[in-house]
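Open the model in your viewer and keep the sequence panel visible. The tour below goes stop by stop, with a selection to make at each.

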Amino acid sequence: MIIGTAGHIDHGKTTLVRALTGVDTDRLEEEKARGISIELGYAYVPLANGEVLGFVDVPGHERLVHTMLAGACGIDFALLVIAADDGVMPQTREHVAILALLGIAKGAVALTKADSVGAARVREVERQARTLLAASQLRDAPVFAVDATAADDPGVDTLREYLHASALRTAARPAEGLFRLAVDRVFTLPGRGTVATGTVFSGRVSTGDTVLVMPGGHPVRVRSIHAQQRAAPRGCAGERCALNITGADRQTLARGDWLADPRALSASLRLDARLGLLAESGATLRAWSPVHVHLGTAHRLAHAVPLESTALGPTSPERVQLVFDVPFCAAAGDRFIVRDAQGRRTIGGGRVLDPAGAERRRRSPQRLTWLGAIEHLLSGGGLAPLLGCAPYGTRMSDLVRLCGCEPARISLPSPIRVVEAAGEQFLVLPERWQTLRAGVLDALRRLHGEAPDEPGLDAGRLRRISFPAMPPALWRSLLGELIADGSVCASGPWLHLPGHRPRLSAEDEQLLARLQPLIAAGGFDPPWVRELAAAVGEPEARVRTVLRKQLAQGGVYQVVRDLFYDPSRVAELAQIVESCACAEGVSTAHFRDAVGLGRKRAIQILEFFDRAGFTRRVRDTRVLRPESAWHAPLASDGRSDPAAGSAA
């Protein structure tokens with residue numbers, strides 16, 4: 001268990017920790033000279049069962065609340081210190097509010113300097129403490145009057161016994177999650193190298209493990225571990241650990257960073273959360289209001305964007321998006337504190353929902369439904385709503401980050417479809433998968449009805465028409481299944497429904513009947529589109545459109561723009577290429593002489609064969625592809641076509 005102190009400056013927090021543990025947590029010369037805590041202090045004491053009880057001593061000055069927040073983020077138990085002579089003071093109230101916002105539910109109250117006042121004053125301050133804690137989860141915390149400066153104070157002994165008993169009763173945090181440690185201190189030891197200390201929020205880490213420094217994303221290796229101030233082979237959730245690491249130094253690792261399992265965190269400029277404001281703060285947050293955000297040991301400036309109203313006041317918590325200037329890391333369920341734009345007052349706190357907030361349509365109904373499903377998950381309600389509202393399923397990697405645990409420990413609803421695509425796993429409910437299949441078929445059905453002369457759609461255009469936001473890997477898997485089971489047919493690059501055959505209109509058929517003989521008669525040097533248009537007395541654009549329709553059906557081939565060849569002439573050219581081929585390949589000059597064309601046209605034809613996959617350029621020659629035989633792709637249009645078929 002880790003105990004964190006809280007309370008106003010000069011109320012005796014450090015003195016009390018020294019009385020309880022024998023350790024002076026003020027390690028800086030400035031702290032000793034001024035008699036106040038400036039940095040976080042740490043102390044450890046062994047328990048009867050062999051475990052170690054940890055203390056985090058925080059500063060109480062109003063200008064050091066950001067340091068207090070860094071120390072309070074990972075504690076299990078709050079030790080609220082109130083001086084009997086002063087009573088409840090401003091930082092007492094702010095620290096109590098912070099503990100409540102962080103969800104700290106266990107604690108005790110120590111009334112220090114009890115020897116300097118009478119019994120009546122002690123009772124009065126106890127009433128103040130009870131009133132202050134009445135609305136918090138610490139309302140039932142016991143109160144101990146102590147004199148921390150006395151050698152054998154019975155109050156200190158009683159408090160120590162209570163803290164030790166509480167630690168023995170407290171169950172260890174589950175260590176099955178993904179490892180995350182919030183770094184609160186980085187230093188260098190001679191002969192050892194870089195050491196990072198902090199509280200392990202979740203999971204476990206072992207000597208030799210490789211973890212990431214986040215949000216930077218660079219890997220480091222764990223050389224050795226001290227857990228609760230003892231050398232150990234591993235560190236677990238709920239323990240304060242010092243990790244001796246290689247691969248980082250004090251310039252690349254600092255307070256506010258995380259050391260984490262590579263799967264645990266993803267850096268983002270936006271996070272969605274549920275945020276509540278303190279009633280006594282009087283604050284109101286409108287779109288783009290600046291706030292100071294404290295999460296883990298990090299302290300960053302962000303802009304708040306209410307998602308459910310135009311302004312967020314101190315009423316009930318609402319969903320907001322926090323937009324940061326630099327990448328930020330958090331996990332779903334993490335608690336955080338917000339302070340005003342000047343960083344002087346604590347105004348509220350909340351809980352992270354989606355650590356990777358949406359950049360666009362963040363207020364859309366679909367997005368708010370998604371956030372509601374995450375809240376349902378965080379409350380223990382299961383994954384079904386989350387998977388149900390994801391239009392294209394959910395990546396397993398995203399689900400691992402949201403749940404914070406190994407894939408094997410995620411309880412998936414049944415039935416569930418796991419789609420393997422490009423090294424990723426997508427989890428899709430069966431009914432959602434059927435909806436996606438139907439969407440593709442409906443898109444093709446609409447196209448065939450609106451453009452019966454079109455052979456179909458290429459995969460890219462079909463995706464843009466049906467599901468433009470679908471992840472490419474999932475789209476390829478969906479399309480592959482539709483083709484494999486015969487629901488969709490592929491003719492070259494064109495995708496269409498079974499039984500669909502492109503049909504030209506009667507007018508187009510008549511024009512094509514006049515154009516095709518002219519192209520065939522042109523042999524290896526057919527007329528250009530402008531020449532064809534002049535020959536048949538039709539607009540150039542109409543001739544081009546009809547020939548492109550015929551191109552899609554394989555009735556002509558386009559070597560370059562506006563130059564169409566008859567299929568039989570292209571086959572003859574392919575035979576000439578084969579006959580010219582030798583060990584060194586087909587040179588442009590040799591091919592030019594064989595077909596009786598100019599150099600430019602010969603190069604255009606050879607480049608056409610390159611794109612069609614029949615030949616391959618090697619320096620100034622072309623070589624045939626292995627075991628190639630000419631079979632031109634339907635989309636041979638003289639442009640680079642990634643969907644074009646290859647010679648086979």
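**Stop 1: the cysteines**

With a cut-off of 2.5 Å between cysteine sulfur atoms, the count of disulfides comes to zero. The model is a predicted one. Select cysteine 73 first: it is in no disulfide, and its nearest cysteine sulfur, that of cysteine 241, lies 13 Å away. Move next to cysteine 241, which is also in no disulfide; here the nearest cysteine sulfur belongs to cysteine 236, at 7.6 Å. Cysteine 241 is buried, with a relative accessible area of 2%.

**Stop 2: the largest pocket**

Select Arg180, Phe201, Ser202, Gly333 and Asp334. What is there is the largest pocket, with a volume of about 1,100 Å³. Of the 43 residues lining this pocket, the five just selected are the closest to its centre. To see more of the wall, colour α3 (65-72), β8 (193-202), β18 (289-295), β22 (335-339), α7 (365-378) and α9 (396-403), the elements that each give two or more residues to the lining. By residue type, the lining divides into 23 nonpolar, 10 polar and 10 charged.

**Stop 3: the second largest pocket**

The second largest pocket has a volume of about 980 Å³. Its lining has 26 residues; select Asp354, Arg367, Trp370, Pro391 and Gly393, the closest to the centre. The elements that give two or more residues to this lining are α7, β24 (394-395) and α9. Which element gives the largest share of the lining? That is α7, with four residues. The lining of the second largest pocket divides into 12 nonpolar, seven polar and seven charged residues.

**Stop 4: helix α14**

Select residues 529-536, which form helix α14, and show side chains for its buried residues: Val529, Leu532, Ala533 and Val536. Turn the view to look down the axis of α14: these buried residues fall within an arc of 100°, so they line one face of the helix. An α-helix has 3.6 residues a turn, so residues three or four places apart point the same way. Now rotate to the other side of α14, where Arg530, Ala534 and Ala535 are exposed.

What do the buried residues of α14 pack against? Show α13 (506-521), α15 (540-552) and β30 (563-565), which are their packing partners. Finish at glycine 537, which follows α14 and has a positive phi, near 70°.

How values were computed: Residues numbered from 1 in each chain as written. Predicted model: local features only at pLDDT ≥ 70, side-chain atom pairs only at ≥ 80, totals over all residues. Heavy atoms only, no water. Buried < 20%, exposed > 50% of the residue type's maximum accessible area, 1.4 Å probe, protein only. Arc of directions from axis to C-beta. Contact = heavy atoms within 4.5 Å. 1 Å grid on protein atoms, 1.4 Å probe; cavity = no way out; pocket = protein on both sides within 12 Å on 5 of 7 lines; lining within 4 Å. Points joined across faces, edges and corners; volume = space filled by probe spheres on them. Nonpolar A, V, L, I, M, F, W, Y, C, P; charged D, E, K, R; others polar.
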